[in-house]
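Please open the structure in your viewer and keep the sequence beside it, since this tour moves from one selection to the next.

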Amino acid sequence: MPEDLQSKLDAVHDEDTFVAFVSALAADRADEMRKEKQRPSSPYGPSASGWENGTIEAYLESAAAWAQDWKSSPQYRPPTNPWKRCAEILYAGKGYE
């Protein structure tokens with residue numbers, strides 16, 4: 001994960017920091033699209049910035065699947081910070097298949 005995106009995710013604690021994270025995630029995707037236009041990645045793995053899901057439908061489906069799978073995991077603990085939980089779900093949609 002790019003350092004800026006990781007730091008934005010780590011910093012989420014309220015609405016403003018959540019929005020900053022979403023903006024950084026969008027920038028990460030835009031950067032990915034620029035890189036892919038210049039040098040396409042293999043269709044059988046993650047793309048230049050690690051995005052596995054190239055459409056909004058696939059991205060949202062993967063984010064929801066990750067959230068459901070994680071919630072059923074023995075390591076799951078109810079979140080104390082719902083803003084951070086939302087950011088984690090959105091981030092997971094980037095690479096979860």
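**Starting at serine 62**

Select serine 62, which is buried, with a relative accessible area of 7% (buried means under 20% relative accessible area, exposed over 50%, and partly exposed in between, with a 1.4 Å probe and protein chains only). This is a predicted model, in which local features need pLDDT of at least 70 and side-chain atom pairs count only at pLDDT 80 or more, while totals for chains, interfaces and linings use all residues. Residues are numbered from 1 along each chain as its sequence is written, and side-chain values use heavy atoms, with hydrogens and water left out.

Serine 62 has its place in helix H3 (helices are DSSP runs of H or I with at least four residues, strands are runs of E with at least two, and both are numbered from the N terminus). Leaving aside neighbours within four places in sequence, serine 62 is in contact with Asn53, Gly93, Tyr96 and Glu97, where contact means heavy atoms within 4.5 Å. If you also mark phenylalanine 18, 44 residues apart from serine 62 along the chain, the C-alpha atoms of the two are separated by 19 Å.

**On to tyrosine 96**

Next select tyrosine 96, which lies in the segment after H4 and is partly exposed, with a relative accessible area of 26%. Its contacts, again without the neighbours within four places in sequence, are Asn53, Ser62, Ala65, Trp66 and Asp69. The C-alpha atoms of tyrosine 96 and proline 46 are separated by 10 Å, and these two residues are 50 residues apart along the chain.

**The aromatic rings**

Rings of Phe, Tyr and Trp (its six-membered ring) pair if their centres lie within 6.5 Å, and planes under 30 degrees apart count as stacked, over 60 as edge-to-face and the rest as tilted. By this rule the count comes to 3 aromatic pairs. One of them joins tryptophan 51 and tyrosine 59 in a tilted arrangement, 5.7 Å centre to centre with 40° between the planes. Tryptophan 51 is buried at a relative accessible area of 6%, and tyrosine 59 counts as buried at 10%.

Now move to tryptophan 66 and tryptophan 70, a stacked pair with 6.3 Å from centre to centre and 5° between the planes. Both lie in helix H3 (residues 56–71), 4 residues apart, about one turn of the helix. Tryptophan 66 is buried at 18% relative accessible area, whereas tryptophan 70 is partly exposed at 33%.

Return to tryptophan 51 and add arginine 29, whose charged end sits over the ring of tryptophan 51, 5.3 Å from its centre (a charge sits over a ring if NZ of Lys or CZ of Arg is within 6 Å of the ring centre and within 35 degrees of the ring normal).

**Helices against H4**

Finally, colour helix H2 (residues 15–38) and helix H4 (residues 82–95), whose axes come within 9 Å and cross at roughly 10°. Axes are lines fitted to C-alpha atoms, for helices over the stretch in contact, and angles run from 0 to 180 degrees between N-to-C directions. H2 and H4 are therefore roughly parallel to each other (angles under 35 degrees count as roughly parallel, over 145 as roughly antiparallel, 65 to 115 as roughly perpendicular and the rest as oblique). Among the residues making this contact are Phe18 and Leu25 of H2, and Trp83 and Leu90 of H4.

Add helix H1 (residues 3–11), which packs with H4 at an angle of about 150°, their axes 9 Å apart. That makes H1 roughly antiparallel to H4.
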